[in-house]
Amino acid sequence: MVKIKDNVDYEDTLKELEALEEQTKEMQKVLDEYNSYDDLPDELEDMRNQLIEFLERRKKYVDEREKAIAEYKIEIGES
């Protein structure tokens, strides 16, 4: 489990999540583009599937970091 160590780690985590959010939006646009085609060539289908898997792993990572942020806020008494 991820744990925020201190305020610097907290700030760094917030910045990281903000950057990941922007990247994820761009990747989602690419995925939406792939999904807009009825029939993708095998190579593009593989790329689409890899992107789906990557975004799923990223979501789990972001969820863990967001949970760590929430726990840190409780720890320091911030709501």
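Is Asp39 buried or exposed? I looked this up before anything else, and I noted that Asp39 counts as exposed because its relative accessibility is 68%. I keep in mind throughout that I am reading a predicted model.

**Entry on the loop and the negative patch**

I then asked where Asp39 sits, and I found Asp39 in the loop that runs between helix 1 (7-35) and helix 2 (42-76). Looking at the surface around this residue, I noted a negative patch that is formed by Asp38, Asp39, Asp42, Glu43 and Asp46.

**Entry on Asn49**

I went on to Asn49, which I located in helix 2. Asn49 has a relative accessible area of 29%, so I put this residue down as partly exposed. For its side chain I recorded a polar contact with the side chain of Arg48, at 3.4 Å. I also looked up how Asn49 stands to Asp38, a member of the negative patch, and I found the two eleven residues apart in sequence, with 15 Å between their C-alpha atoms in space.

**Entry on the salt bridges**

How many salt bridges does a search of the whole structure find? I wrote down seven, and I followed several of them in turn.

The pair I looked at with care was Glu16 and Arg65, which form a salt bridge whose closest N and O atoms are 3.9 Å apart. This pair links distant parts of the chain, since Glu16 belongs to helix 1 and Arg65 to helix 2, with their positions 49 residues apart in sequence. I checked how well each partner is covered, and I noted that Arg65 is buried because its relative accessible area is 11%, where under 20% is the cut-off for buried. Glu16, by contrast, counts as partly exposed, because its relative accessibility is 27%.

In helix 1 I looked up Lys29 and Glu26, whose side chains meet in a salt bridge with an N to O distance of 3.5 Å. These two residues are three apart in helix 1, and therefore about one helical turn separates them. Lys29 counts as exposed because its relative accessibility is 53%, while Glu26, at 45% relative accessibility, counts as partly exposed.

In helix 2 I turned to Asp63 and Lys59, and I found their side chains meeting in a salt bridge at 3.1 Å, N to O. What is the separation of Asp63 and Lys59 along helix 2? They are four residues apart, so I recorded about one helical turn between them. I entered Lys59 as exposed because its relative accessibility is 51%, where exposed begins over 50%. Asp63 I entered as partly exposed, with a relative accessible area of 36%.

I also came upon a network of salt bridges, in which Glu21, Glu22 and Lys25 are linked.

**Entry on Val30**

Last, I looked up Val30, which has its place in helix 1. I listed Val30 as partly exposed because its relative accessible area is 40%. I then compared its position with that of Arg58, and I found the two 28 residues apart in sequence and 15 Å apart in space, taken from C-alpha to C-alpha.

**Closing note**

Reading back over these entries, I keep two points in view for the next look at this predicted model. One is the exposed Asp39 in the loop between helix 1 and helix 2, and the other is the salt bridge of Glu16 with Arg65, which links helix 1 with helix 2.

Definitions and conventions:
Residues are numbered from 1 along each chain as its sequence is written. This is a predicted model: local features need pLDDT of at least 70, side-chain atom pairs count only at pLDDT 80 or more; totals for chains, interfaces and linings use all residues. Side-chain values use heavy atoms; hydrogens and water are left out. Patches are made of residues with over 30% relative accessible area and no salt bridge: like charges are joined within 9 Å, nonpolar side chains (Val, Leu, Ile, Met, Phe, Trp, Tyr) within 5 Å. Accessible areas come from the Shrake-Rupley method with a 1.4 Å probe; for residues, only the protein chains shown count as cover. A salt bridge is a side-chain nitrogen of Lys or Arg within 4 Å of a carboxyl oxygen of Asp or Glu. Lys and Arg count as positive and Asp and Glu as negative; His and the chain ends are not counted. The place of a charge is taken as NZ of Lys, CZ of Arg, CG of Asp or CD of Glu. Buried means under 20% relative accessible area, exposed over 50%, partly exposed in between (1.4 Å probe, protein chains only). A polar contact is a pair of N or O atoms within 3.5 Å; within protein, one must be able to donate a hydrogen and the other to accept it, and residues adjacent in sequence count only if both atoms are side-chain atoms.
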